[in-house]
Amino acid sequence: MLKIQPLNTRLACALVASMVTIGVAAATSGVREPSPRPTLVVGIFVEGLDADYVELLRSNFGPDGFNRFISDGVSIPHVDYGPGIDATAATAMLVSGASPAVNGIPAARAWDSKTRREYPVLLDPKIIGDYSERSLTPAPLLVSTLADEVRIADGGLGVVHSIAPDPQAAILMAGHAANSAFWISDVTGKWTTSGHYRETPQPISRRNVGHTLAVRLDTIAWEPALKLDRYPDLPEYKKLYPFRHTFPSREADRFKIFKTSAPANREVASTAAEYISTLSLGTRGVTDMLSLGFNVSPYLYGRDADNRIETMDAYVRLDGEIANIVRAVEKGPGMDRTLFFIAGTPAPSGGKRDEERWNIPSGQFSPRKAVSLLNMYLMALHGNGEWVNGYHNGYFFLNRPLIKERGLSEADMRREGADFLSRMSGVSDVYTIDDILARRAGDTPSALRRNISATHAGDLLVMVNPGWEISDSDDDSATLSDSQPQLPVVRWQASTSPVYILAPTIQASEITGTVDARTIAPTVARILRIRSPNAAALPPLSLPAR
């Protein structure tokens with residue numbers, strides 16, 4: 001039998017159903033539509049960038065450079081790379097989200113035990129011994145990068161380009177799948193590339209034909225951009241004599257020297273602005289990426305060991321170049337469709353020796369002599385033979401085939417070598433590769449282990465006293481020409497640099513404390529709503545949304 005509900009019961013049910021419907025509709029209307037994905041990513045990698053210098057010089061900066069990133073974006077003053085990292089390894093860490101132990105890039109140069117020569121770490125392993133700029137490839141980078149993931153996300157419809165003075169920086173920023181990567185040749189001064197990349201953008205072709213650096217370099221001089229009294233914290237005597245650096249044709253290494261100067265940043269920035277406008281980057285409905293390499297590291301080719309004015313001037317000039325790139329984006333896809341990030345990488349750890357009048361403790365450590373003495377010591381213990389292959393980047397390499405041939409223990413030989421080297425003048429500590437891999441070495445054993453690539457590491461890592469020079473010369477008293485930097489002086493310093501992120505979906509904020517450099521790639525990937533590089537194991541930072 002059909003049961004009929006009373007009228008008041010039916011009215012109550014209808015009322016409840018209506019309220020549920022209204023509630024669901026209200027809840028649904030409160031969910032915001034996702035913001036459009038950025039159509040352009042501009043990554044700015046700056047060797048030597050220091051957050052303290054940025055803060056010190058903010059009053060000399062314009063509104064569209066660093067000040068815009070700080071006031072409108074996310075500032076991360078202390079991004080930590082861990083010990084023993086140079087700019088090349090730091091760049092690899094930034095783009096991959098992985099440490100050298102995983103990504104395979106521990107330093108700018110590596111050592112070949114067979115030929116007993118160092119070589120660029122990105123030299124294609126199949127052609128070691130036949131070095132040329134075109135022989136550099138991303139193959140030694142063992143993982144994917146942020147640029148690779150940008151390219152993959154849109155099925156190859158988006159384009160990826162990189163520009164830098166340094167070849168290895170350009171290649172690491174471009175990754176494996178980029179359309180192009182270009183850098184300034186040490187030999188010709190032209191923009192050049194690797195055989196790995198296939199495209200030559202129009203701005204490059206134009207500059208390499210009618211607007212070459214070789215033609216213009218004689219007319220380029222680096223002088224202060226501001227009056228000397230506007231550079232803060234300078235002693236009075238430094239305000240009396242403005243610097244002036246030129247790059248004359250009689251100087252054989254003038255392109256190499258130029259690439260470390262502030263005017264080289266102008267070459268990169270002006271070329272980048274042409275890329276954005278000529279190639280219509282970020283205007284096609286897919287995500288494009290342009291990565292740029294700059295340098296504000298201390299300039300080592302001047303006569304004065306105190307290069308504070310040059311360093312501050314490089315920051316002031318770079319601020320203007322960043323502003324020019326921002327304006328190029330505003331004329332193109334617009335800042336509301338663009339993700340910018342500025343990432344610092346550590347400056348070279350060495351510098352010029354202080355003048356003798358200051359009586360700073362110093363000395364000179366000769367790896368060449370140390371190799372000879374260590375070999376003699378091991379010969380006394382184990383008989384004649386060339387027990388030491390060489391020295392590179394703090395590592396001593398033992399002759400492992402000879403050790404195996406004589407039936408000796410590699411670990412025992414390393415301990416004997418460490419005991420001998422630790423007694424040498426200028427050596428503060430020696431770590432065996434066994435102790436490093438077992439996380440028993442250094443003040444931060446896990447961090448040191450992360451930054452070691454077992455493929456490239458030697459047998460003994462030597463820590464030289466701060467203030468000491470490291471010389472590979474046969475004659476330690478040999479003098480260098482005026483155009484060459486002095487012997488590198490050891491200086492222990494933290495390998496931290498700032499990162500600034502500016503995106504339309506992110507609120508202005510500052511992240512205090514120390515942030516692991518491996519989080520930057522997944523953080524940028526999250527903003528782009530693409531997957532992280534395949535070795536980025538750390539989670540992204542939680543950034544406040546607008």
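This report walks through a predicted model of a single chain, from its overall make-up to its sheets, buried positions and salt bridges.

## Overall make-up

The chain holds 18 helices and 20 strands. Of its 546 residues, 52% are buried. If you look at contacts between residues at least 6 apart in sequence, 71% of them join residues at least 24 apart. The exposed area comes to about 25300 Å², and carbon and sulfur atoms supply 52% of that area.

## A four-stranded sheet and its helices

A good place to start is the open sheet of four strands, ordered β13-β14-β16-β15 with antiparallel pairing. Strands β13 (388–392) and β15 (427–432) each have a single partner strand, so they stand at the edges with one side left without a neighbour in the sheet. On average, neighbouring strands here are turned by 20 degrees against each other, direction ignored.

Four bridges hold the antiparallel pair of β13 and β14 (residues 395–398), and Gly390 stands opposite Phe397 in β14. These two strands make a hairpin with two residues between them, and Asn393 in that turn has a positive phi of about 55 degrees. On to the next pairing: β14 and β16 run antiparallel and are joined by two bridges, with Phe396 opposite Leu460 in β16.

How are the faces of β14 covered? In a regular strand, side chains alternate between the two faces of the sheet. In β14, Tyr395 and Phe397 lie on one side and Phe396 and Leu398 on the other, and all four are buried. Helix α13 (residues 367–382) lies across β13, β14 and β16 (460–464), and runs at about 155 degrees to β13. Helix α15 (residues 410–421) also packs on the sheet, where it touches β14, β15 and β16; its direction makes about 175 degrees with that of β15.

## A second hairpin

Elsewhere, strands β3 (residues 109–112) and β4 (residues 117–120) run antiparallel and are joined by four bridges. Trp111 has Glu118 in β4 as its bridge partner. This hairpin has four residues between its strands, and Arg116 in the turn has a positive phi of about 55 degrees.

## Two buried positions and a surface patch

Leu94 belongs to helix α4 (residues 87–96) and counts as buried, because its relative accessibility is 4% and the cut-off is under 20%. Beyond neighbours within four places in sequence, Leu94 touches Phe45, Tyr81, Ala343, Gly344, Thr345, Ala517, Ile520 and Ala521. One of these contacts spans a long stretch of chain: Leu94 and Ala517 are 423 residues apart in sequence, yet their C-alpha atoms are separated by 6.3 Å.

Ser162, in strand β5 (residues 160–164), is buried with a relative accessible area of 0%. Its contacts, again leaving aside neighbours within four places in sequence, are Ala170, Met173, Ala174, Ser180, Ala181, Phe182 and Ser291.

For a contrast, turn to the surface, where Tyr237, Leu240 and Tyr241 make a nonpolar patch of about 400 Å². Leu240 sits in the loop between β8 (221–222) and β9 (245–246) and is exposed, with a relative accessible area of 57%.

## Salt bridges across the chain

Side chains of opposite charge can pair when their charged atoms come close. The count of salt bridges here is 28. One of them joins Arg68 and Glu330, at 2.8 Å from N to O. Arg68 is in helix α3 (residues 66–72) and Glu330 in helix α12 (residues 308–331), so this pair ties together parts 262 residues apart in sequence. Arg68 counts as buried at 17% relative accessibility, while Glu330 is partly exposed at 37%.

Another salt bridge is formed by Lys259 and Asp186, whose closest N and O atoms are 2.6 Å apart. It links two loops 73 residues apart: Lys259 lies between α10 (254–258) and α11 (262–278), and Asp186 between β6 (180–184) and β7 (191–192). Lys259 is buried at 10% relative accessibility, and Asp186 is partly exposed at 35%.

Arg206 and Glu274 also form a salt bridge, with closest N and O atoms 2.6 Å apart. Arg206 is in helix α8 (residues 202–210) and Glu274 in helix α11, so the pair ties together parts 68 residues apart in sequence. Salt bridges that share partners join Arg206, Arg207, Arg216, Glu267 and Glu274 into one network.

How values were computed
Residues numbered from 1 in each chain as written. Predicted model: local features only at pLDDT ≥ 70, side-chain atom pairs only at ≥ 80, totals over all residues. Heavy atoms only, no water. Buried < 20%, exposed > 50% of the residue type's maximum accessible area, 1.4 Å probe, protein only. Contact = heavy atoms within 4.5 Å. Pairing = 2+ DSSP bridges. Axes fitted to C-alpha atoms, helices over the stretch in contact; angles between N-to-C directions. Areas by Shrake-Rupley, 256 points an atom, 1.4 Å probe, with all protein chains shown as cover. Patch = residues over 30% accessible without salt bridge, like charges linked within 9 Å, V, L, I, M, F, W, Y side chains within 5 Å. Salt bridge = Lys/Arg side-chain N within 4 Å of Asp/Glu carboxyl O.
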